[in-house]
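Got the viewer open? Take a walk through this one with me, one selection at a time.

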Amino acid sequence: SIAAGPLLLVGAGVGVALIAVLGYYAEAVLLAVLLVRPVLVTIPELTIAGQEIGIDGMLNWVVLAGFVLVAPVGRRAPWRLPAIWIAIPFLVVMLLSLRLSTDPVFGFRQWMRFFSYFVFLSVAYHAAHQAPFVERFRKTTIGVVLVLLAMGVLQMLLLLQTISFREYVHLMFEGELEFRLNGFQDFPHIYGTALLVCVPVIFWSAWHATSARSRYLYYGLLGLVSIFILYTGVRSLLIAIAVTIVVSLVGTKRFGTLVAFTALFAGAGFASGVFQARLSAFTDPSRATEWNSLTDRQEIWNVVDLGIIEHPIRGYGLGSVYDYVADSPLRHSSEKLTAHCDYRKFAFEGGIPGGILFAMLYASVMIAHWFSRAPAPEIRTLNRCMAGLIAGIMVMSLVEEVFQDFLSMTLLWSLVGVAFGAAHAETATRAADSANA
């Protein structure tokens with residue numbers, strides 16, 4: 001109609017202006033998005049053209065447009081990072097794989113999600129060259145922790161109106177997820193992984209606090225995060241946080257803190273009965289023939305492995321693993337499920353080259369963090385703790401598809417950018433001071 005034309009023009013103009021503003025103020029937008037995302041992802045998704053799209057996803061597309069089209073102007077790109085040079089061929093391989101996908105629309109949405117991680121990394125890397133942003137990012141991450149904990153407390157209070165705490169723990173002996181702590185996220189592991197990603201920042205804040213009171217408050221916050229992760233009942237998360245904290249504390253030579261954490265975590269796990277509940281499938285002989293989540297994963301892995309053997313180089317296309325698993329005659333059900341292993345997922349969908357590039361991506365980031373030579377002790381500390389986090393995520397990825405957890409991965413790759421950016425800025429500053437001396 002005649003009226004539709006001007007309306008569309010106005011809408012387009014507003015959209016362009018919004019994208020320009022988001023890109024121009026990329027650093028502030030980045031922090032705001034990270035802070036509100038835990039709440040946005042709980043809003044029910046909408047079904048548009050047969051695809052489920054959440055408010056969080058729509059926001060990400062708009063923010064991503066601003067970050068890609070406007071933010072690069074006058075900002076540093078992290079070309080010196082080996083991870084970027086691995087991420088580029090990884091993204092290219094997965095994008096090309098879409099031509100084979102049984103669900104290319106869903107696969108492309110996944111690809112855009114992966115692409116956004118490195119866009120967030122780039123924005124954070126540039127912003128971290130300014131010390132005030134690094135401090136704002138630290139405070140924002142602590143804010144994310146508090147939001148997640150508050151959501152977990154609220155969910156637990158609602159749960160305890162229907163069941164007792166003893167019943168809650170007892171239900172962890174079963175494989176169902178209905179009564180698991182998830183902070184209103186889709187699954188417990190998504191909630192727990194988001195908390196896990198914040199651990200390096202909590203350590204960083206505690207060790208460089210200006211007062212003993214602040215330090216102990218941060219340690220208390222770490223204790224709460226550990227306990228909330230414990231009550232998700234996700235076995236892979238329990239291992240991941242143990243790996244993260246052990247590697248972080250050994251890397252920073254804080255062995256006393258390591259002993260204290262081990263005592264706290266083990267005590268809370270056994271005293272509550274969570275450890276006994278989640279290990280009973282392996283330790284109780286009467287449950288040896290019982291069907292559980294690990295048995296289900298092994299069946300899925302067998303199916304996916306056969307697919308990798310069938311097409312080891314070209315793969316099946318990004319987003320195809322769900323249909324392949326559901327349609328396999330080797331499965332006991334036709335339910336669409338993930339590969340429950342990031343390495344298998346990308347080797348299946350992008351071929352073995354895609355799987356190798358994915359593993360190299362994590363490994364390169366972990367190594368770069370571990371061997372960071374930033375002059376400032378607090379930045380070296382952050383990078384060592386980041387190496388511990390990546391190690392924990394890599395272990396967890398053996399049995400989960402962590403790389404698709406939008407909430408935790410956006411925060412993780414932003415944190416990677418901050419750690420590398422702050423280290424580079426500090427090194428460049430020291431080099432300039434030496435040259436001028």
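Start by selecting Asp-305, which is partly exposed with a relative accessible area of 25%. This is a predicted model, so every stop on the tour is a prediction too. Now add Arg-344: its side chain meets that of Asp-305 in a salt bridge, 2.8 Å from N to O. Arg-344 lies in helix 16 (residues 342-349) and Asp-305 in helix 14, so the pair ties together parts that are 39 residues apart in sequence. Is Arg-344 buried, exposed or partly exposed? At 23% relative accessibility, Arg-344 counts as partly exposed.

While you're here, select Asp-296, Glu-299 and Arg-331 together. Salt bridges with shared partners link these three into one network.

**More charged pairs**

Side chains of opposite charge can pair when their charged atoms come close. How many salt bridges does a search of the whole structure find? The search turns up seven.

Next, pick Arg-297 and Glu-400. They form a salt bridge, and their closest N and O atoms are 2.9 Å apart. Arg-297 sits in helix 14 (residues 293-310), while Glu-400 is in the loop between helix 18 (377-396) and helix 19, so this pair ties together parts that are 103 residues apart in sequence. Try a surface view on these two: Arg-297 counts as buried at 13% relative accessibility, and Glu-400 is buried as well, with a relative accessible area of 6%.

Now hop over to Arg-138 and Glu-135. Here the closest N and O atoms of the salt bridge are 2.7 Å apart. Where do the partners sit along the chain? Both are in helix 6, three residues apart, so about one helical turn separates them. Arg-138 is buried, with a relative accessible area of 13%, whereas Glu-135 counts as partly exposed at 32%.

**Into the cavity**

Time to look for empty space. Rolling a probe the size of a water molecule over the atoms shows where empty space is left. A search of the whole structure finds one cavity of 30 Å³ or more, and about 50 Å³ of space lies in the largest cavity.

To see its walls, select Leu-34, Val-144, Leu-148, Ala-194, Leu-407, Ser-408 and Leu-411. Colour them by type and you'll get six nonpolar, one polar and no charged. Which helix gives the most to this lining? That's helix 19, with three residues. Helix 6 (131-159) and helix 19 (406-436) each supply at least two residues of the lining.

**Out to a pocket**

Now go to the second largest pocket, which has a volume of about 400 Å³. Helix 3, helix 4 and helix 5 (104-127) are the elements that give two or more residues to its lining. Which residues lie nearest the centre of this pocket? Of the 19 that line it, Pro-78, Trp-79, Phe-118, Val-119 and Ser-122 do. Helix 5 gives the most to the lining, with six residues. By type, the lining divides into 15 nonpolar, two polar and two charged.

Keep Trp-79 selected. You'll find it in the loop between helix 3 (55-69) and helix 4 (82-96). Then add Trp-85, Ile-88, Val-92 and Leu-96: with Trp-79, they make a nonpolar surface patch of about 540 Å². So Trp-79 turns up twice on this tour, in the lining of the second largest pocket and in the patch.

**Three loop stops**

Select Phe-184, in the loop between helix 7 (165-170) and helix 8 (188-197). Its phi is near 70°, a positive value in a residue other than glycine. Phe-184 is partly exposed, with a relative accessible area of 33%.

Lys-253 is next, in the loop between helix 11 and helix 12 (255-272). Lys-253 isn't a glycine, yet it has a positive phi of about 60°. Is Lys-253 buried or exposed? Exposed, with a relative accessible area of 66%.

Last stop: Tyr-231, found in the loop between helix 10 (212-230) and helix 11 (235-251). Tyr-231 counts as buried, at 16% relative accessibility. Before you close the viewer, draw a line from its C-alpha to that of Ser-248. The two residues are 17 apart in sequence, and the line should read 22 Å.

Terms used:
Residues are numbered from 1 along each chain as its sequence is written. This is a predicted model: local features need pLDDT of at least 70, side-chain atom pairs count only at pLDDT 80 or more; totals for chains, interfaces and linings use all residues. Side-chain values use heavy atoms; hydrogens and water are left out. Patches are made of residues with over 30% relative accessible area and no salt bridge: like charges are joined within 9 Å, nonpolar side chains (Val, Leu, Ile, Met, Phe, Trp, Tyr) within 5 Å. Accessible areas come from the Shrake-Rupley method with a 1.4 Å probe; for residues, only the protein chains shown count as cover. A salt bridge is a side-chain nitrogen of Lys or Arg within 4 Å of a carboxyl oxygen of Asp or Glu. Helices (H or I, at least four residues) and strands (E, at least two) are DSSP runs, numbered from the N terminus. On a 1 Å grid over the protein atoms alone, a cavity is a set of points where a 1.4 Å probe fits but cannot get out, and a pocket is an open set with protein on both sides within 12 Å along at least five of seven lines; lining residues have an atom within 4 Å of a point. Grid points are joined across faces, edges and corners, and a volume is the space filled by probe spheres set on the points. Ala, Val, Leu, Ile, Met, Phe, Trp, Tyr, Cys and Pro count as nonpolar, Asp, Glu, Lys and Arg as charged, and the others, Gly among them, as polar. Buried means under 20% relative accessible area, exposed over 50%, partly exposed in between (1.4 Å probe, protein chains only).
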